[in-house]
Amino acid sequence: MSIIEHPPGWRRDMALRLIGGDDKSEGGGSPAVWVDTDTHEILVQGLTGDEPTRAEARATGKLTPDHESIVRFPDRLYRLLAEAHGVIAELRGDLRGDAPRSGP
């Protein structure tokens, strides 16, 4: 069971662990970071990059397909990504914290 509500038809068997959100943002919670404890993936919520941001990203040679987003995530929250990485390493039993980049 998920700790957040998903739209109809979303994969319901996810086991999301909330790592944290931005308590300094309006509304107090976005951007936010979760770990999917089944797939060992990091999920990030944040402001979607606008068209100028997407254009700059395309100029770097990295295209962003329409079904993907560029998410703005403030550097003051980098600790949440580091903590999420630590959770994944723990789930995999890697106590050194250098979890592999892909695979179960």
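Strand S2 (residues 32-36) and strand S3 pair in the antiparallel sense, and five bridges join them. This pairing is part of a predicted model. The chain holds two helices and five strands, and this briefing follows one of its sheets, a helix that lies across that sheet, and several residues in or beside strand S3.

**The chain as a whole**

- From the N terminus on, the elements follow the order β-β-β-β-α-β-α.
- The chain has 104 residues, of which 28% count as buried.
- Its accessible surface comes to about 7,500 Å², and carbon and sulfur atoms account for 53% of that surface.
- Among contacts in the chain with a separation of 6 or more, 38% are between residues 24 or more positions apart.

**The sheet**

- Strands of a sheet pair through backbone hydrogen bonds, and the pairing is either parallel or antiparallel.
- Three strands make up an open sheet here, in the order S1-S2-S3 and with antiparallel pairing.
- Strand S1 (16-21) and strand S3 stand at the edges with a single partner strand each, so one side of each has no neighbour in the sheet.
- On average, neighbouring strands of this sheet are turned by 20° against each other, with direction ignored.
- One bridge between S2 and S3 can be named by its residues: Asp36 has Glu41, in S3, as its bridge partner.

**The helix across the sheet**

- Helix H2 comprises residues 78-92.
- Helix H2 lies across S1, S2 and S3, and its direction is at about 155° to S1.

**His40, in the loop before S3**

- Where is His40 found? His40 is in the loop between S2 and S3.
- The phi angle of His40 is positive, at about 60°, although this residue is not a glycine.
- Is His40 buried or exposed? His40 counts as buried because its relative accessibility is 17%, and the limit for a buried residue is under 20%.

**Val44 and the surface patch**

- Val44 is placed in strand S3, which covers residues 41-45.
- Val44 counts as partly exposed because its relative accessibility is 37%, a value to be read against the range between 20% and 50%.
- Which residues form a nonpolar patch on the surface with Val44? They are Ile42, Val71 and Leu81.
- Together, the four residues Ile42, Val44, Val71 and Leu81 have about 260 Å² of accessible area.

Conventions: Residues are numbered from 1 along each chain as its sequence is written. This is a predicted model: local features need pLDDT of at least 70, side-chain atom pairs count only at pLDDT 80 or more; totals for chains, interfaces and linings use all residues. Side-chain values use heavy atoms; hydrogens and water are left out. Patches are made of residues with over 30% relative accessible area and no salt bridge: like charges are joined within 9 Å, nonpolar side chains (Val, Leu, Ile, Met, Phe, Trp, Tyr) within 5 Å. Accessible areas come from the Shrake-Rupley method with a 1.4 Å probe; for residues, only the protein chains shown count as cover. A salt bridge is a side-chain nitrogen of Lys or Arg within 4 Å of a carboxyl oxygen of Asp or Glu. Helices (H or I, at least four residues) and strands (E, at least two) are DSSP runs, numbered from the N terminus. Buried means under 20% relative accessible area, exposed over 50%, partly exposed in between (1.4 Å probe, protein chains only). Contact means heavy atoms within 4.5 Å. Two strands pair if DSSP finds at least two bridges between them. Axes are lines fitted to C-alpha atoms, for helices over the stretch in contact, and angles run from 0 to 180 degrees between N-to-C directions.
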